[in-house]
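Let's take a walk through this structure together, moving from the surface to the interior and then to a loop.

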Amino acid sequence: SGSAERLTARGSSLVGESLFLGHECQSDRLAMRMVVRSLIARTQPDGIIMALPHGLTICALEELTSVNPRLTLLTSDSFVPDATTELSDATRRVTHVLELWSPGRDSATTRFRTRMREVTGYDPTPGQAYSYDAFRLAEAAIRAGVRTRKQMRAWLEALVEDVVRCRARG
């Protein structure tokens, strides 16, 4: 993914990384246990950064805490535990959420939040907001004539360059 290279360029390091392909905690618990124990044994980390779907995050957090209760666990904002999330007190104490999305007050966000409440009955989660944004980007790319994966990559790279240029101008 290039993460290790980007961290090294900034003077930081990534001790180890693991890939877990699963769908849900119950059927994938044994695989999760093996991945977690292997990662801990190989790297002996002080902390873990996770980017997993909500259900798998719960499974990974509990497994990590059972192996090493002193780890600092950082999750992406696709996992934001609330009072109903089934996590042990020990896991809650060492888990921190990196929230990148917060609802803005602009008209597009207001329309999105209103529509989500109409359809689902609750406010959107960060993961749903990211999915919505991804679909909107794909729609814009298709309208711009993008038809292949290679064209999509070039279109997205040009978009990022435009954003960087705009921010540089202030």
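Keep in mind as we go that this is a predicted model. A good place to begin is Leu 137, which has a relative accessible area of 36% and is therefore partly exposed, since that class covers values between 20% and 50%. You will find Leu 137 in helix α6, which spans residues 126-143. On the surface, Leu 137 joins Leu 156, Leu 159 and Val 163 in a nonpolar patch, and together the four have about 270 Å² of accessible area. The biggest contributor to the patch is helix α7 (residues 149-169), with three residues.

Now let's turn inward. The largest nonpolar core has 17 residues, and the members that touch the most others are Met 32, Ile 48, Met 50, Leu 64 and Leu 73. At least two residues of this core come from each of α2 (25-43), β1 (47-50) and α3 (54-67). Of the contributing elements, α3 gives the most, with five residues.

Met 50 is worth a closer look. Leaving aside residues up to four places away in sequence, Met 50 touches Ala 60, Leu 61, Leu 64, Leu 73, Leu 74, Thr 75 and Ser 76.

Our last stop is the loop between α3 and β2 (72-76), where Asn 68 lies. Is Asn 68 buried or exposed? Its relative accessible area is 17%, so Asn 68 is buried, the cut-off for that being under 20%. A polar atom of the Asn 68 side chain lies 2.9 Å from the backbone nitrogen of Arg 70.

Conventions: Residues numbered from 1 in each chain as written. Predicted model: local features only at pLDDT ≥ 70, side-chain atom pairs only at ≥ 80, totals over all residues. Heavy atoms only, no water. Patch = residues over 30% accessible without salt bridge, like charges linked within 9 Å, V, L, I, M, F, W, Y side chains within 5 Å. Areas by Shrake-Rupley, 256 points an atom, 1.4 Å probe, with all protein chains shown as cover. Salt bridge = Lys/Arg side-chain N within 4 Å of Asp/Glu carboxyl O. Helix = DSSP H or I, 4+ residues; strand = E, 2+ residues; numbered from the N terminus. Buried < 20%, exposed > 50% of the residue type's maximum accessible area, 1.4 Å probe, protein only. Core = buried A, V, L, I, M, F, W, Y, C linked by side-chain atoms within 4.5 Å. Contact = heavy atoms within 4.5 Å. Polar contact = N/O pair within 3.5 Å; in protein donor to acceptor, adjacent residues only side chain to side chain.
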